[in-house]
Amino acid sequence: MAVVFDKPHALADVPLHYCPGCTHGIVHRLVAEVIDELGIEGRTIGVAPVGCSVMAYDYFNCDMIEAAHGRAPAVATGVKRSDPENIVFTYQGDGDLASIGMAETVHSAARNENITIIFINNAIYGMTGGQMAPTSLPGQVTQTSPYGRDTSLCGFPIKVCEMLSQLDGPEYLERVAVNNVKNVKNAKKAIKKAFENQVNGKGFSLVEVISSCPTNWGMTPKKALEWIDEKMIPYYPLGVYKDRSAEK
Amino acid sequence: MAEKVLMKGNEAIAEAAILAGCRHYFGYPITPQTEVAAYMAKRMPKIGGTFLQAESEIAAINMVYGVSATGKRVMTSSSSPGISLKGEGLSYLAGADLPALVVNVQRGGPGLGGIQPSQSDYFQATKGGAHGDFHMIVLAPASVQEMAELTVKGFDLADKYRMTAMILADGTMGQMMEPVSLDFAEGEKVEKPWATNGTKMARPHNVVNSLFLKPEQLEKTNFERFERYETIKQNEVMYEEYMMEDAEICVVAFGIASRVSKNAINEARAKGIKVGLIRPITLWPFPEKAIAAAAEKVKKFISVELSMGQMIEDVRLAVNGKAPVTLCNRTGGMIPEPEQVLAAITEAAK
Amino acid sequence: MSTTQYLFAGFGGQGILFSGKFLAYKGLMDGANVSWLPSYGPEMRGGTASCSVIVSDTPVGSPIVSRPDVLIAMNLPSLDKYEDAVVSGGTIYVDSTLIERKVKRTDVKAIYIPATKLASDNGTPTLANMIIMGKVLSEEGQFENEEGIMAALKKVISAKRADMLDVNMNVMRLGHEYAE
């Protein structure tokens, strides 16, 4: 019997702890598929964040490092500088990357550090139970913005791809989503490009993945995917924000 | 023996690190340790190494964490306020059992404090320095030669015990020049089968991690780590005794304070006062046995420090009530003069 | 037992640290124990810069010179600040171009040399420090061995600036030959 669907080798054969309807599993799979397709598992080192995907170090079969909250790009910088032949990726959420780790994010981009960053933007802190994220939408109700995010009190969401695109450093910035089949296919393409860039020595590549968090958004998984189309994507338009190779 | 050259303590640390096989340095400018970074910036590109000025001390220590995870020798350096920022990384390095060399060229505090020499980070260095159950090996050089020697030793100890070794120096040690002989070879290579440097598809994946959500598991790793600490306490204590044979008064001092104290002890001896010095070279593990042994015969102890009195707590623990322990100190960037220490010795001799 | 504690003091930019380093190297090459400790921080860029040098035939204890045997004062604030610290019977070298007043102490030897003017007249205005250094070596009887001086100069002047070796040697001779 022909096998038409299998687990990627780079993805460990263990149950994931993510909530029903969470899109982390999809993105994990896409990353693992790309690692398989590029044949780089044996020289890939992943850096896990603090957040829902903290235990990603158990889910990938490549070597993995658990970083302190927000510091994954700095850790990845060390790993990459130690052996530039190795492929280094970080997998970070919005609180990790765009709040506590903003300095590490911006400066690794400014240095055009030859690493790949998978940035999960689901507009909420999931692991700690649904607090306001730097990317929570105006008016969004969370545990720490119970009356809706009041931009006069706590400012506006940070659009990471737009912001980083102002830097001369980064090679490639793209925002994708994983709320329908078409978007998942596009996300795979972007993630593959972000890894290929590193393999080809091109430099800092970040893919922002608009993701859902049905549990903390207080929605059914289906409704959460619709909410991405209705609320998230209008605020965070999908597309390529920087691609130096396309500029040439 | 290699020809002696005059070098600043900060530069001696940097060159010794290179001789010890360190090829990765991450730092951030802060007085009075900046010469370490400047030296590395000059040397590393010429020997195929990495010098990177990080965006912050926090980033620098996490870059250290990344290189260490791959199994290579790596270091960072800073001064007091910067070490506080590195605290997070120091705890994670401990939790993940990663070796690293961290240099603290101390300045006065708290807060932004000043930039003149101090020893007021003693508590921070010897009691862990950040959250969680852990220690660092803390080495206290008292000369430029020792700045170099203890750097090499620090890398060896860090690798041997999979933990951070900290050089706890101060502004004078960093800034002063003395003749130094840099006659070091790279120490014995320690196998690091735990390193995350790529599976090569030849082994199960390695994970470098400090997260243990099951308390039973976290407790177990902490117990194991502290068993290792016991071995270190047994095997790695270093100290110098000076004129202790017949001493009735014992000065305890490290780093620059020990040198000021030696001047005072020489003068006191000339006046017939039987005084000696115990100089801890490892501040953790602390030479508690040597001090306890001295407490059997010495009548009085004086702890000489560039702080409000931090090491004195460890001296008192070791003396265990057998003799009075007094403090002779300056703080905030001031350095005790030999006259002040001599006065304390004379007072104790009354 | 012989230990000499030197304190060099002046403005940042006068070569205070350089001449101290030269003297430390000279001591090292003569087989002595030496230490060199600079003042550091913002005061290097304006106020009083100073540097402690100890040359001793026994191991150097504290590298901090608070009671110098020899004070080299290259500006008035330095003389004002450190004159009283000099040990009785010590020596104070004064750059008399920049310091108009005399040494008040009577229990120390005061040596006045218009180093800044001599340096300027010689076309080497940045080397007043080494003119005074020539005087110091001269007073200490160290000038008899010019080869030793040159050897120490080679340690503090990089090979790329080898032309500066003779220049420094010559200005030190000016200090050596200067008579009040």
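What share of the contacts in chain A with a separation of 6 or more comes from residues 24 or more positions apart? I looked this up before anything else, and the share is 66%, where I count two residues as in contact if their C-beta atoms, placed from the backbone, lie within 7 Å.

I note that this is a predicted model, in which local features need pLDDT of at least 70 and side-chain atom pairs count only at pLDDT 80 or more, whereas totals for chains, interfaces and linings use all residues. Residues are numbered from 1 along each chain as its sequence is written, and chains are lettered from A and ligands numbered from 1 in the order in which they are written.

**Chain A overall.** I found ten helices and nine strands in chain A, taking helices (H or I, at least four residues) and strands (E, at least two) as DSSP runs numbered from the N terminus. The radius of gyration of chain A, taken over C-alpha atoms, is 17 Å, close to the 18 Å that the globule rule gives for 248 residues, so chain A is as compact as a globular protein of that length; the rule is 2.2 Å times the number of residues to the power 0.38. Of the 248 residues of chain A, 54% are buried, meaning that 20 or more other C-beta atoms lie within 10 Å of the residue's own (12 or fewer is exposed, in between is partly exposed), with C-beta atoms placed from the backbone.

**The sheet.** I traced an open sheet of eight strands with mixed pairing, in the order S9(A)-S7(A)-S8(A)-S4(A)-S3(A)-S1(A)-S2(A)-S9(B), where two strands pair if DSSP finds at least two bridges between them. Its edge strands are S9 (239–243) of chain A and S9 of chain B, each of which pairs on one side only. Within chain A, S1 (residues 44–48) and S3 (residues 87–93) pair in the parallel sense over four bridges, and A:Thr44 stands opposite A:Ile87 in S3(A). Helix H2 (residues 72–82) of chain A packs on the sheet, touching S1, S2, S3 and S4 (116–121) of chain A, and its direction makes about 175° with that of S3(A); axes are lines fitted to C-alpha atoms, for helices over the stretch in contact, and angles run from 0 to 180 degrees between N-to-C directions.

**Where chains A and B meet.** I then followed the sheet across the chains: two bridges join S2 (residues 63–66) of chain A to S9(B), and these strands run parallel, with A:Ile65 opposite B:Val208. The contact takes 33 residues from chain B and 29 residues from chain A. On the side of chain B that touches chain A, H3(B) gives the most, with nine residues. Chains A and C, in contrast, have no contact, and their closest C-alpha atoms lie 28 Å apart.

**B:Phe51.** I asked why B:Phe51, which lies in strand S3 (residues 50–53) of chain B, counts as buried: 20 other C-beta atoms lie within 10 Å. Leaving aside neighbours within four places in sequence, B:Phe51 is in contact with B:Tyr25, B:Met40, B:Ala41, B:Met44 and B:Pro45.

**Helix H6(B).** Helix H6 (residues 144–161) of chain B reaches 25 Å from its first C-alpha to its last, close to the expected 26 Å, which is 1.5 Å times one less than its number of residues. H6(B) is mostly covered, with 15 of its 18 residues buried, and just after H6(B), B:Arg162 takes a positive phi of about 50°.
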